[in-house]
Amino acid sequence: MKEMIMKTLKKYSNHFGLVLALCVLAISGCSCSAPKPVPTPDPLAGFHAASKNPEQLIIDDYQSYIKTLSPDEQKYATVDYFFEDGAGRHAVEIMITLNHTNWRHILIYDKNDKRIKTIKYISGHSAS
Amino acid sequence: MKTRFIIILSLVWPCLDLFGHDQNVHEAITVHAADVAYAHSPGFKEFLNTVSADKPLSGLTSGTNSMRVGSHHEDFADEPGDVGGKRSLNHFYDPLDTNFDKGLSDIPPDIRGVAGTNSFKWASISNCAGFDYRLRPPAHISATDNVNTSNIWTWQNARGYEWLGLTATNLLGRQTNLDNMFRGVGQVMHLLEDTSQSRMSISPDFIPPFLRS
């Protein structure tokens, strides 16, 4: 038995590096999130940059939304844009770049500043 | 030998981006610079006050926030809707170089050749074209090409947006262009901030997602 184990170890010792690299790839690969496709149609179609800053209700809502995210996401979350459309609706775009992946969280509010939709997707990647 | 080479490359590549400013660092530098400029530059303060009817001085819709966004987005890599491609290939400037147009030219393991437009050109020429780059072996194992790219967020582009932002006859036109102007300035600031780090190695754009740490 011992001899068999030694034989096997000896046989594969030349491939130790390869096995190690495969392990690294496997572990790194497992840590990736499943990609979320870019939604179609564009969730912000019909919206444009707002002329005024958001009302406090919306600020409170997106701040509490960010607090529901994981610690890593909270650390990198930035509120990039505030949008409005012609019908009194608003939208907030939160960008989170985590492990070089750009996540966009779109929060859409009705004309009473109540959040009616939350969309989260990977829009692309970043590299510094 | 080849196997060992691949293993070393696999282990070392993910570490390379440690040498670059993270996007949140860029954002912090940009916001701080804007605050300092507002406090100490009468011209900047006067300009912000002049356009404050169209662009609030603070908050989510302010010029400072647009600059912050720009300094983040300058690191985009093949982001849909962004014509800049792998932008960070164009984030290098070597003032002493005379052979590779002063841009990125050092590709692991030891390949010399132009791989990007230098950051001064990338920042200052209107709609600057990126260098068409196709990876060659052995680096091709994880790469996609970077071709037909351009930069619409240069200093000259920002000046164009400024003109439109000040002269458009409707509110939305002025706001959109002022927003673009501030974002463009933010992207140029990112390039300036990158010159504060000494690094001439290839960008982690080329690292496949599963290898990114």
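**A sheet shared by two chains, and the helices of chain B**

E3(A) and E4(A) pair in the antiparallel sense over 9 bridges, where helices (H or I, at least four residues) and strands (E, at least two) are DSSP runs numbered from the N terminus, and two strands pair if DSSP finds at least two bridges between them. The model is a predicted one, so to speak of a local feature takes a pLDDT of at least 70 and side-chain atom pairs count only at pLDDT 80 or more, while totals for chains, interfaces and linings use all residues. Residues are numbered from 1 along each chain as its sequence is written, with chains lettered from A and ligands numbered from 1 in the order in which they are written.

Within the E3(A)/E4(A) pair, A:His90 has A:Tyr109 of E4(A) as its bridge partner. The two strands make a hairpin with 2 residues between them, and A:Asn99 in that turn has a positive phi of about 50°. A:His100 sits in the loop between E3 and E4 of chain A as well, and there phi is about 70°, positive although the residue is not a glycine. For background, most residues other than glycine have a negative phi. A:His100 is also buried, with 20 other C-beta atoms within 10 Å; on this scale 20 or more such atoms within 10 Å of a residue's own C-beta means buried, 12 or fewer means exposed, and anything in between is partly exposed, with C-beta atoms placed from the backbone. Strand E3 of chain A (residues 90-98) is mostly covered too, 8 of its 9 residues being buried.

On its other side, E3(A) is joined to strand E2 of chain A (residues 77-84) by 7 bridges, again running antiparallel. A:Phe83 is matched with A:Ala91 of E3(A) here. The hairpin of E2(A) and E3(A) has 5 residues between the strands, and A:Gly88 takes a positive phi near 85° in it.

Next comes the pairing of strand E4 (residues 101-109) with strand E5 (residues 115-126), both of chain A, which is antiparallel over 9 bridges. A:Tyr109 stands opposite A:Arg115 in E5(A), and A:Ile108 has A:Lys117 as its bridge partner in E5(A). There are 5 residues between E4(A) and E5(A) in their hairpin, where A:Asp113 in the turn shows a positive phi of about 65°.

Where does E5(A) pair with a strand of chain B? The partner is strand E1 of chain B (residues 76-77), joined to E5(A) by 2 bridges and running antiparallel. A:Ser126 and B:Phe76 of E1(B) are bridge partners. Put together, 6 strands form an open sheet with antiparallel pairing, in the order E1(A)-E2(A)-E3(A)-E4(A)-E5(A)-E1(B). Strand E1 of chain A (48-49) and E1 of chain B stand at the edges with a single partner strand each, so one side of each is left without a neighbour in the sheet.

Chain B as a whole has 7 helices and 5 strands, which run α-α-α-α-β-β-β-α-β-β-α-α from the N terminus on. Of its 213 residues, 41% are buried. Taking contacts in chain B between residues at least 6 apart in sequence, 66% join residues at least 24 apart, a contact being two C-beta atoms, placed from the backbone, within 7 Å.

Helix H4 of chain B (residues 63-73) packs against two other helices described here. With helix H2 of chain B (residues 23-40) the angle is about 150° and the axes are 8 Å apart; axes are lines fitted to C-alpha atoms, for helices over the stretch in contact, and angles run from 0 to 180 degrees between N-to-C directions. That makes H2(B) roughly antiparallel to H4(B), since angles over 145 degrees count as roughly antiparallel, under 35 as roughly parallel, 65 to 115 as roughly perpendicular and the rest as oblique. Residues in this contact include B:His26 and B:Val31 of H2(B) and B:Met67 of H4(B), and the whole set divides into 3 nonpolar, 6 polar and 2 charged; Ala, Val, Leu, Ile, Met, Phe, Trp, Tyr, Cys and Pro count as nonpolar, Asp, Glu, Lys and Arg as charged, and the others, Gly among them, as polar.

The axes of H4(B) and helix H7 of chain B (residues 171-194) come within 6 Å and cross at roughly 45°, which makes H4(B) oblique to H7(B). Among the residues in contact are B:Gly70 of H4(B) and B:Phe182 and B:Gly186 of H7(B). This contact divides into 5 nonpolar, 9 polar and 3 charged residues.
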